[in-house]
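Please open the model in your viewer and set the display so that individual residues can be selected. The tour below proceeds from one selection to the next.

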Amino acid sequence: SENLCKGLYLFTTELPTRPLLFDFHGVSMTHHFTDNWEKVQSFQARPDDILIATYPKAGTTWISYILDLLYFGQSAPERQTSLPIFMRVPFLESDFRVLPPGTEVADKLPTSPRLIKTHLPVQLVPKSFWEQNCRVVYVARNAKDNVVSYFHFDRMNMVEPEPGDCNNFLQRFMDGKMVFGPWYDHVTSWWEKKQTHSKIHYMFYEDMIEDMGRELDGLCSFLGLSPSEEEKERVIRGSQFDNMKNNNMANYSSIPVMDFKISPFMRKGKVGDWKNHFTVAQNEQFDEEYQAKMKNTNLQFRTAV
Ligand code: PPS
């Protein structure tokens with residue numbers, strides 16, 4: 001974490017420029033996620049690694065925090081007060097220069113299991129995760145809330161491409177021209193992968209909002225964990241939106257490339273905020289395109305709970 005502090009200091013003195021999108025193996029990307037590609041592709045997973053896979057803004061930090069609390073909340077309580085979540089759960093493909101690349105942080109993780117975050121679409125995940133038959137926890141969020149959250153994130157995060165206005169952003173989302181590619185392909189390809197890879201636990205943000213106790217039970221049974229009622233209570237309480245928002249180790253407040261005056265990382269944490277953003281016309285167009293793009297899948301989302 002000393003390195004981390006040095007890195008953050010550099011960030012405060014050098015203003016980052018917003019990166020451009022380009023096509024990378026058929027997926028829109030920025031250089032922050034391709035600069036270290038050789039090391040990402042050849043990353044050596046271990047059999048007990050847990051891969052946390054999500055489309056950006058689907059609830060990555062929430063599930064990361066839950067898993068970290070489940071595994072290390074009791075055995076290593078100092079982690080909770082000394083290490084920001086992005087150092088506990090490295091972001092595999094990230095290479096923000098001033099922070100060590102995700103692969104390096106992962107290689108140096110002393111924990112077992114290692115919790116590793118990725119936003120990669122399923123076809124770009126390093127093959128060793130499949131060879132080692134690692135567990136994967138995938139979280140998906142309905143497209144409308146996902147795009148709204150992504151829009152506010154790109155407004156405030158200077159290492160994301162310039163978002164433009166809301167309408168433009170929505171069009172780009174529908175066209176799949178987002179960092180990490182189309183939402184539609186991401187959620188459906190991971191869903192299909194689950195049919196052949198039994199070690200994928202596919203979760204929904206909306207279900208977590210509706211009943212965290214139930215979702216935690218499902219997660220624990222997938223992981224083969226049997227925490228006491230008291231431990232489960234502690235995990236649920238610690239990972240509640242307001243508690244994470246006020247927790248400097250979970251809320252990204254130590255990252256200066258994010259301007260919380262524009263929008264905080266822990267913004268609303270709700271299902272249905274899209275209703276405050278979509279116009280009637282936008283909603284109709286979105287629904288129409290959604291139906292066409294999702295016609296070949298049985299994957300269903302809820303846009304309200
Ligand atoms: S990232 O940058 O991709 O890692 O972002 P990610 O963590 O996937 O998504 C951020 C959104 O998740 C919300 N969030 C939560 N919601 C409910 N409960 C908890 N504990 C929680 N933690 C994070 C966060 O507020 C972002 O959603 P929006 O809709 O923008 O508020």
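**The ligand and its shell**

Begin with helix 3, which contributes 3 residues to the shell around the ligand, the largest share. Bear in mind throughout that this is a predicted model.

Next, select helix 8 and helix 14 (241-245) together with helix 3: each of these supplies at least two residues of the shell. The shell comprises 22 residues, of which Thr60, Thr61, Ser149, Tyr205 and Lys268 come nearest to the ligand. Colouring the shell by class gives 9 nonpolar, 8 polar and 5 charged residues.

**Polar atoms facing the ligand**

Now display the side chain of Trp62, where an N or O atom lies 3.2 Å from a nitrogen atom of the ligand. Move to Lys117: a polar atom of its side chain is 3.2 Å from an oxygen atom of the ligand. At Gly269, show the backbone instead, since a backbone N or O atom there lies 2.8 Å from an oxygen atom of the ligand. With a surface switched on, the extent of cover may be considered: the ligand on its own has 650 Å² of accessible area, and the protein covers 98% of it.

**The second largest cavity**

Which residues line the second largest cavity? Select Thr60, Thr61, Ser64, Ile85, Phe86, Val89, Lys117 and Tyr252 to display its lining. Thr60 and Thr61 were already selected among the residues that come nearest to the ligand, and Lys117 was visited for its polar side-chain atom 3.2 Å from a ligand oxygen. The space in this cavity is about 40 Å³.

Highlight helix 3 (60-72) and helix 5 (85-88), each of which provides at least two lining residues. Helix 3 again gives the largest share, with 3 residues. By class, the lining consists of 4 nonpolar, 3 polar and 1 charged residue.

**The largest cavity**

The structure contains 2 cavities of 30 Å³ or more, and the largest holds about 60 Å³ of space. To see its lining, select Val147, Val148, Phe151, Cys166, Phe169, Leu170, His277, Phe278 and Gln282. Helix 8 (143-156) and helix 9 (166-175) are the elements that give two or more residues to this lining. Keep helix 8 highlighted, as it also supplies at least two residues of the shell around the ligand.

Finally, colour this lining by class: 7 of its residues are nonpolar and 2 are polar, and no charged residue is present.

How values were computed:
Residues numbered from 1 in each chain as written. Predicted model: local features only at pLDDT ≥ 70, side-chain atom pairs only at ≥ 80, totals over all residues. Heavy atoms only, no water. 1 Å grid on protein atoms, 1.4 Å probe; cavity = no way out; pocket = protein on both sides within 12 Å on 5 of 7 lines; lining within 4 Å. Points joined across faces, edges and corners; volume = space filled by probe spheres on them. Helix = DSSP H or I, 4+ residues; strand = E, 2+ residues; numbered from the N terminus. Nonpolar A, V, L, I, M, F, W, Y, C, P; charged D, E, K, R; others polar. Near = heavy atom within 4 Å. Polar contact = N/O pair within 3.5 Å; in protein donor to acceptor, adjacent residues only side chain to side chain. Areas by Shrake-Rupley, 256 points an atom, 1.4 Å probe, with all protein chains shown as cover.
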